[in-house]
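Student: Hi! I've got a new model open and would like to talk it through with you. Mind if I throw some quick questions at you?
Tutor: Go ahead, ask whatever you like.

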Amino acid sequence: MQTTIQTISYERPEEKRILKACLSTWFQNPKDLNLTDPNMKYPFRFETWVKRTYSKQDVTSFVAKENDWIIGYIGIFIVQTKMAGHLFHLFTDPEFRNKGVASSLIKHAESFASEGGVINMSLNVAKKNDRAIRLYSHLGYEPAGTASSGSFIYSKRL
Ligand SMILES: CC(C)(COP(=O)(O)OP(=O)(O)OC[C@H]1O[C@@H](n2cnc3c(N)ncnc32)[C@H](O)[C@@H]1OP(=O)(O)O)[C@@H](O)C(=O)NCCC(=O)NCCS
């Protein structure tokens with residue numbers, strides 16, 4: 001597979017339009033929506049998604065592309081004062097899973113964060129999301145507690 005990773009922005013109208021089409025297609029299944037963000041309600045509302053998370057500063061989004069077609073997504077929030085990064089909204093198009101897309105997105109986000117001085121990366125994952133937990137563990141993430149939402153917190157020193 002010829003997968004490339006690119007930054008994408010909700011600030012740029014054309015990219016926002018593409019994100020809306022892509023995410024609305026992926027998140028038709030409420031189960032998938034819960035996996036990525038337990039607070040998001042079904043049906044998926046793109047404007048709520050943007051307002052809740054992407055109107056903040058220091059949030060960057062990356063997409064994985066195959067022949068110019070978006071097949072994966074990840075967001076990262078960086079708290080510069082703490083030299084900490086937080087990964088969220090990781091999703092791979094179901095047709096492209098188990099091919100290393102999520103791993104590439106995570107590694108790309110880690111490099112981006114590391115270059116910006118981040119030394120500790122964290123993420124939340126639903127307790128039942130065995131597939132994601134196995135992936136994070138293989139990439140060096142370790143259990144670091146439980147969030148108020150009940151999800152596991154995993155973290156890694158970059
Ligand atoms: C969890 C999720 C993001 C994983 O995405 P993915 O692109 O399939 O992940 P990867 O392909 O990078 O890794 C999955 C497995 O495939 C393996 N793999 C990687 N490259 C591979 C290749 N070329 N051939 C075969 N297997 C490969 C990886 O080693 C990994 O195995 P492991 O879990 O035993 O470590 C995806 O299932 C998903 O979108 N789920 C729904 C949303 C979700 O749960 N998001 C996480 C929220 S915390």
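Student: Let's start in the middle of things: which residue in strand 4 is the bridge partner of Gly 75?
Tutor: That's Phe 88. One thing to keep in mind as we go: this is a predicted model.

Student: Okay, and how many bridges hold strand 3 and strand 4 together, and in which sense do they pair?
Tutor: There are 7 bridges, and the pairing is antiparallel. The two strands make a hairpin with 4 residues between them. In that turn, Met 83 has a positive phi of about 50°.

Student: What about the other side, how does strand 2 join strand 3?
Tutor: Strand 2, residues 59–66, runs antiparallel to strand 3, residues 69–79, and 8 bridges join them. To pick out one pair, Lys 65 has Ile 70 as its bridge partner in strand 3. This is a hairpin too, with 2 residues between the strands.

Student: Which residues in that loop between strand 2 and strand 3 should I look at?
Tutor: Look at Asn 67 and Asp 68. Asn 67 has a positive phi of about 50° without being a glycine, and Asp 68, also not a glycine, has a positive phi near 70°.

Student: Why would I flag those?
Tutor: Because most residues other than glycine have a negative phi.

Student: Is that loop pair buried or exposed, and why?
Tutor: Asn 67 counts as exposed because it has 9 C-beta neighbours inside 10 Å, and the cut-off for exposed is 12 or fewer. Asp 68 counts as exposed as well, because it has 6 such neighbours inside 10 Å.

Student: Zooming out, what does the whole sheet look like, in which order do the strands come?
Tutor: It's an open sheet of 7 strands in the order 1-2-3-4-5-7-6, with mixed pairing. Strand 1 (3–8) and strand 6 (142–146) are the edge strands, each pairing on one side only. From one strand to the next, the twist averages 30°.

Student: How does edge strand 1 attach to strand 2?
Tutor: Through 6 bridges, in the antiparallel sense. Among the pairs, Thr 3 is matched with Glu 66 in strand 2.

Student: Switching to packing: which residues touch the most other members of the largest nonpolar core?
Tutor: Ile 74, Leu 87, Leu 105 and Ala 109, out of 24 residues in that core. Strand 2, strand 3, strand 4, helix 4 and strand 5 (120–125) each give two or more residues to the core. Helix 4 gives the most, with 6 residues.

Student: Now the ligand. Which residues come nearest to it?
Tutor: Of the 20 residues around the ligand, the nearest are Thr 92, Arg 97, Gly 100, Ala 102 and Ser 103. The shell divides into 8 nonpolar, 7 polar and 5 charged residues.

Student: And which element supplies the largest share of that shell?
Tutor: Helix 5, with 5 residues. Helix 2 (30–36), strand 4 (84–92) and helix 4 (101–115) are among the elements that each supply at least two.

Student: Where is the model's confidence lowest among the elements?
Tutor: In helix 2, with a mean pLDDT of 80, while helix 4 has the highest at 98. For the protein chain, the mean is 93, and 99% of its residues reach 70 or more.

Student: Last one: which peptide bond is cis?
Tutor: The one from Tyr 42 to Pro 43, with omega near 0°. Pro 43 sits in the loop between helix 2 and helix 3 (46–54).

Technical notes. Residues numbered from 1 in each chain as written. Predicted model: local features only at pLDDT ≥ 70, side-chain atom pairs only at ≥ 80, totals over all residues. Near = placed C-beta within 6 Å. Nonpolar A, V, L, I, M, F, W, Y, C, P; charged D, E, K, R; others polar. pLDDT = per-residue confidence, 0-100. Pairing = 2+ DSSP bridges. Axes fitted to C-alpha atoms, helices over the stretch in contact; angles between N-to-C directions. Core = buried A, V, L, I, M, F, W, Y, C linked by C-beta atoms within 7 Å. Buried ≥ 20, exposed ≤ 12 C-beta atoms within 10 Å, placed from the backbone.
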